[in-house]
Amino acid sequence: MTNQQDTLFAEPGEHQGNFQFDSRVAGVFGDMIRRSVPGYTQIINTIGEIADRCVTPGSNVYDLGCSLGAATLAIRRKIEGRNAHIFAIDNSEPMLMRAEENLSAYVSDTKVFFQLADIRNQTFENASLVVLNFTLQFLPPNDRDTLLARIYQGLNPGGILVLSEKLKFEGGDIQALLDSLHLDFKRANGYSELEISQKRSAIENVLIPDTLEQHKTRLNQAGFIQADLWFQCFNFASMVAIK
């Protein structure tokens, strides 16, 4: 399957209703996220570097909300020969099918188990690395604490959680400035005002962001004493938390 250019919101009334990770989105998601999320490629590459440092022989890795498998692929490239297992989990069948096909194009001795499932029901064991790459923000806020607590319990000592999220800010002027810079980023990547407006309407009731302080508090309450920001560009950020 080839990745197509994202034109889902290019016509008036296109893709009305709440944003869904359906077959239409799956077909353009690679282009969509590259043009919408500043620093995405850097985040993916660094997840691979983090895996190289923390994935121990015989342990498990969980990529939660794996979408097209970009993080899974970056991880797998760095952990060859360690007899580790990767569990790539998503609740969108079209996304998971594309992820499986994307990874099948590369030869590896690291086993990847693709699972069509709700990550809120996932059990974690013998984990050296768990990745939530722009995934937690799509869960109902009341479910986020429970998931992080379960991840903490399933991580081995020294294990790492990578949490990437879109942030909101308490200061209205800061929020307005960073939103403006993000809009300019999308315009520079070829999105029209109509596309930007229609996608915002589709996703605003689905993607519910938290502040950085809320994330840190939630991670601390789950048990992570060491948790902090490693990357931020505008209103997009990634954190690492170490058990």
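**Exercise 1. Determine which helix supplies the largest share of the lining of the largest pocket, and describe that pocket.**

Solution. Helix 6 supplies the largest share of this lining, namely five residues. The structure under study is a predicted model.

Step 1. Establish the volume: the largest pocket holds about 1100 Å³.

Step 2. Identify the residues at its centre. The lining consists of 46 residues, and those closest to the centre are Phe21, Gln137, Phe138, Ile203 and Leu207.

Step 3. List the helices involved. At least two lining residues come from each of helix 1, helix 2 (40–54), helix 3 (70–78), helix 6 and helix 7 (193–203).

Step 4. Sort the lining by class: 25 residues are nonpolar, ten are polar and eleven are charged.

**Exercise 2. Describe the second largest pocket and state which helix gives the most to its lining.**

Solution. Step 1. The second largest pocket encloses about 500 Å³ of space.

Step 2. Its lining comprises 23 residues; nearest the centre lie Leu68, Gly69, Ala70, Leu73 and Asn102.

Step 3. Helix 1, helix 2, helix 3 and helix 4 (93–104) each contribute at least two residues to this lining. Helix 1 gives the most, with five residues.

Step 4. By class, the lining of the second largest pocket has 13 nonpolar, seven polar and three charged residues.

**Exercise 3. Classify the arrangement of helix 1 and helix 6 as roughly parallel, roughly antiparallel, roughly perpendicular or oblique.**

Solution. Step 1. Locate the two elements: helix 1 spans residues 23–36 and helix 6 spans residues 172–188. Their axes come within 8 Å and cross at roughly 130°.

Step 2. Apply the cut-offs. Angles of 65 to 115 degrees count as roughly perpendicular, and angles over 145 as roughly antiparallel. The crossing angle of roughly 130° fits neither class, and therefore helix 1 is oblique to helix 6.

Step 3. Name the residues in contact. Helix 1 contributes Arg34, Arg35 and Ser36, while helix 6 contributes His182, Phe185 and Lys186.

Step 4. Sort these residues by class: one is nonpolar, two are polar and three are charged.

**Exercise 4. Compare the radius of gyration of the protein chain with that of a compact globule.**

Solution. Step 1. Count the elements: the protein chain has eight helices and seven strands.

Step 2. Consider the extent. Along the principal axes, the C-alpha atoms fill a box of roughly 50 × 40 × 30 Å.

Step 3. Make the comparison. For 243 residues, a compact globule would have a radius of gyration near 18 Å. The protein chain has 18 Å, so the value agrees with that of a compact globule.

Methods: Residues numbered from 1 in each chain as written. Predicted model: local features only at pLDDT ≥ 70, side-chain atom pairs only at ≥ 80, totals over all residues. Heavy atoms only, no water. Axes fitted to C-alpha atoms, helices over the stretch in contact; angles between N-to-C directions. Helix = DSSP H or I, 4+ residues; strand = E, 2+ residues; numbered from the N terminus. Parallel < 35°, antiparallel > 145°, perpendicular 65-115°, else oblique. Contact = heavy atoms within 4.5 Å. Nonpolar A, V, L, I, M, F, W, Y, C, P; charged D, E, K, R; others polar. 1 Å grid on protein atoms, 1.4 Å probe; cavity = no way out; pocket = protein on both sides within 12 Å on 5 of 7 lines; lining within 4 Å. Points joined across faces, edges and corners; volume = space filled by probe spheres on them. Rg over C-alpha atoms; globule rule 2.2 N^0.38 Å.
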